[in-house]
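Subject: A structure for you to look at

Hi there,

Here is the structure I promised to pass on. Have a look at it first, and then read my notes below with the model open beside you.

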Amino acid sequence: MGHSAGLRAGTRYAFSRGFKQRGAIPLSTYLQHYRVGDIVDVVANGAVQKGMPYKVYHGKTGVVYNVTKSAVGVILYKQVGNRYIEKRVNVRIEHVRHSRSREDFVRRVKENVEKRKKAKTEGIHIHLKREPAMPREARTVSLKGNKPESITPVPYETTI
């Protein structure tokens with residue numbers, strides 16, 4: 001049998017609404033403010049077919065370069081062969097949401113500014129780089145009053 005290579009081929013699960021996400025689209029989707037330079041995630045909403053992004057851009061993160069009444073223009077990067085090409089995609093706001101990828105970075109920058117101010121007033125040198133998670137501390141388990149027990153599976157019984 002032939003295989004369709006249409007515009008929405010292979011999007012059976014990508015464009016479907018999630019569990020308990022079906023039905024009317026919440027108003028908060030339409031009340032979001034988007035500005036040029038905002039970082040957004042392009043996630044297609046299957047309930048709205050108008051202004052839907054092509055399947056390649058589903059799940060991609062980009063930067064808003066244009067804002068209109070009911071849509072935003074997003075700069076995305078698409079892999080073509082061994083390089084990434086900048087693509088400009090116009091998408092309705094139902095298919096876009098603010099990205100949370102920079103939240104941790106912005107929070108860390110603010111904390112570091114506060115730490116720098118505090119260190120400057122106290123006149124101490126401060127280390128601001130993140131440290132990787134270290135291994136857990138070593139500990140010993142006492143066997144005093146805590147005898148080891150061997151666990152064996154219960155034999156299978158049929159009670160008919």
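Let's start at R88, which counts as partly exposed because its relative accessibility is 48%. This residue forms a salt bridge with E86, and the closest N and O atoms of the two are 3.4 Å apart. E86 is also partly exposed, at 38% relative accessibility. R88 has another neighbour to look for: it lies over the face of Y65, at 4.5 Å from the ring centre. Please keep in mind throughout that this is a predicted model.

**Other salt bridges**

Some background first: side chains of opposite charge can pair when their charged atoms come close. How many salt bridges does the structure hold? There are 6.

Another one joins the side chains of R100 and E103, with 3.3 Å from N to O. R100 is exposed, with a relative accessible area of 62%, while E103 is partly exposed at 44%.

Next, find E111 and R107, whose closest N and O atoms are 2.9 Å apart in a salt bridge. Where do these two residues sit relative to each other? Both belong to helix α1 (residues 103-122), and because they are 4 residues apart there, about one helical turn separates them. E111 is partly exposed at 35% relative accessibility, and R107 is partly exposed with a relative accessible area of 41%. The story goes on from this pair, as D104, R107, R108 and E111 are joined into one network by salt bridges that share partners.

In contrast to those charged pairs, the number of aromatic pairs in the structure is 0.

**The sheet**

Now turn to the strands. As a reminder, strands of a sheet pair through backbone hydrogen bonds, either parallel or antiparallel. Here, 5 strands make an open sheet with antiparallel pairing, in the order β4-β3-β2-β1-β5. Which strands lie at the edges? They are β4 (83-92) and β5 (96-98), each of which pairs on one side only. On average, neighbouring strands of this sheet are turned by 40 degrees against each other, with direction ignored.

Two of the pairings are good to trace by eye:

- Strand β1 (residues 39-42) runs antiparallel to strand β2 (residues 60-67), and the two pair over 4 bridges. Across this pairing, V42 stands opposite K60 in β2.
- Strand β3 (residues 71-80) pairs with β4 over 10 bridges, again in the antiparallel sense. Here you can find V74 opposite V89 in β4.

β3 and β4 also form a hairpin, with 2 residues between them. In its turn, G81 has a positive phi of about 65 degrees.

**An unusual backbone angle**

Most residues other than glycine have a negative phi, and most peptide bonds are trans. K20 is not a glycine, and yet its phi is positive, at about 60 degrees. You will find K20 in the segment before β1. Is K20 buried or exposed? It counts as exposed, because its relative accessibility is 72%.

**The whole chain**

Stepping back, the protein chain has 1 helix and 5 strands. Read from the N terminus, its elements run β-β-β-β-β-α. Why is the chain described as more spread out than a compact globule? Its radius of gyration is 27 Å, well over the 15 Å that the globule rule gives for 160 residues. Along the principal axes, the C-alpha atoms fill a box of roughly 80 × 70 × 40 Å. Of the 160 residues in the protein chain, 22% are buried.

Last, go to P132 in the segment after α1. P132 is exposed, having a relative accessible area of 57%. From there, look across to Y156: the two are 24 residues apart in sequence, and their C-alpha atoms are 47 Å apart in space.

I hope you enjoy exploring the model, and do write back with any questions.

Best wishes

Terms used
Residues numbered from 1 in each chain as written. Heavy atoms only, no water. Salt bridge = Lys/Arg side-chain N within 4 Å of Asp/Glu carboxyl O. Buried < 20%, exposed > 50% of the residue type's maximum accessible area, 1.4 Å probe, protein only. Pairing = 2+ DSSP bridges. Axes fitted to C-alpha atoms, helices over the stretch in contact; angles between N-to-C directions. Phe/Tyr/Trp six-rings, centres within 6.5 Å; stacked < 30°, edge-to-face > 60°. Lys NZ or Arg CZ within 6 Å of the ring centre and 35° of its normal. Rg over C-alpha atoms; globule rule 2.2 N^0.38 Å.
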